[in-house]
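Trainee: Could we go through this structure together, one question at a time?

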Amino acid sequence: MTAQSAYRGRRVAWALLCAAMLPAPFMTGPAHAADAIKVELDRAMITRLPPHVSTVVIGNPLIADVTVQPNGLLVITGKSYGTTNMMALDRSGAVLSEQNIEVFGPRGDIVVVYRGANRESYSCAPDCEPRITLGDSTAYFNLALGQEGTRSSRAQAAAPVQR
């Protein structure tokens, strides 16, 4: 082995070692399913952004929504069933990280009743009450949504005004 080939081998080994030590946010490959952030429908979760993020982009804001908070905190809210992606960019537009967001339905204390093709969802913790859930029949969904809207507006109207 010549001195020149040994030097070249050390340079290649050094380059491979440096590449392996790059932090994950700087690797801009596609997001993998194992990297997915899982959020329950109508629930929020908190995660932390990588340093130096200037912009957060959501692929489909109908599936998930994000709110950036101080100190790099990010609130992710599940809006509809499905999968979308989220990208964090720095000021120059370089992608610092990309992750998939999976929004799934509620998993506990939910009872689903089928009346033919019509579906109704109830939250049963401990008593069963109507639940506004995507996928329920239109008439049931609208009735429950209307009742909730009426209840909320009456509660706001009855609340004392603070000055």
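Mentor: Happily! One definition before we start: two strands pair if DSSP finds at least two bridges between them, and strands (E, at least two residues) and helices (H or I, at least four) are DSSP runs numbered from the N terminus. This is a predicted model, where local features need pLDDT of at least 70, side-chain atom pairs count only at pLDDT 80 or more, and totals for chains, interfaces and linings use all residues. Residues are numbered from 1 along each chain as its sequence is written, and side-chain values use heavy atoms, with hydrogens and water left out.

Trainee: Over how many bridges do β2 and β5 pair?

Mentor: The two strands run in the antiparallel sense. One residue to look at is Thr47, whose bridge partner in β5 is Leu74. The count for β2 and β5 is five bridges.

Trainee: Which strands are the edges of the open sheet that has the order β2-β5-β4?

Mentor: This sheet has three strands with antiparallel pairing. Its neighbouring strands are turned by 25° against each other on average, direction ignored; the axes are lines fitted to C-alpha atoms, and angles run from 0 to 180 degrees between N-to-C directions. An edge strand here pairs on one side only, and that picks out β2 (44-48) and β4.

Trainee: Which strands each supply at least two residues of the largest nonpolar core?

Mentor: Such a core is a set of buried Ala, Val, Leu, Ile, Met, Phe, Trp, Tyr and Cys residues joined through side-chain atoms within 4.5 Å. Among the 13 residues of this one, Ile37, Val66, Leu74, Ile76, Met86, Ile101 and Val103 touch the most other members. The strands are β1 (37-40), β4 (64-69), β5 (73-78) and β7 (95-104).

Trainee: Which residues does Leu74 touch, not counting those up to four places away in sequence?

Mentor: Contact means heavy atoms within 4.5 Å. Leu74 is the bridge partner of Thr47, and Thr47 is also in its contact list. That list reads Met45, Ile46, Thr47, Leu49, Val66, Thr67, Val68 and Met86.

Trainee: Why is the pair of Tyr122 and Tyr140 classed as it is?

Mentor: A search of the whole structure finds one aromatic pair. Rings of Phe, Tyr and Trp (its six-membered ring) pair if their centres lie within 6.5 Å; planes under 30 degrees apart count as stacked, over 60 as edge-to-face and the rest as tilted. The centres of Tyr122 and Tyr140 are 5.7 Å apart and the planes are at 55°, so the pair is tilted.

Definitions and conventions
Buried means under 20% relative accessible area, exposed over 50%, partly exposed in between (1.4 Å probe, protein chains only).
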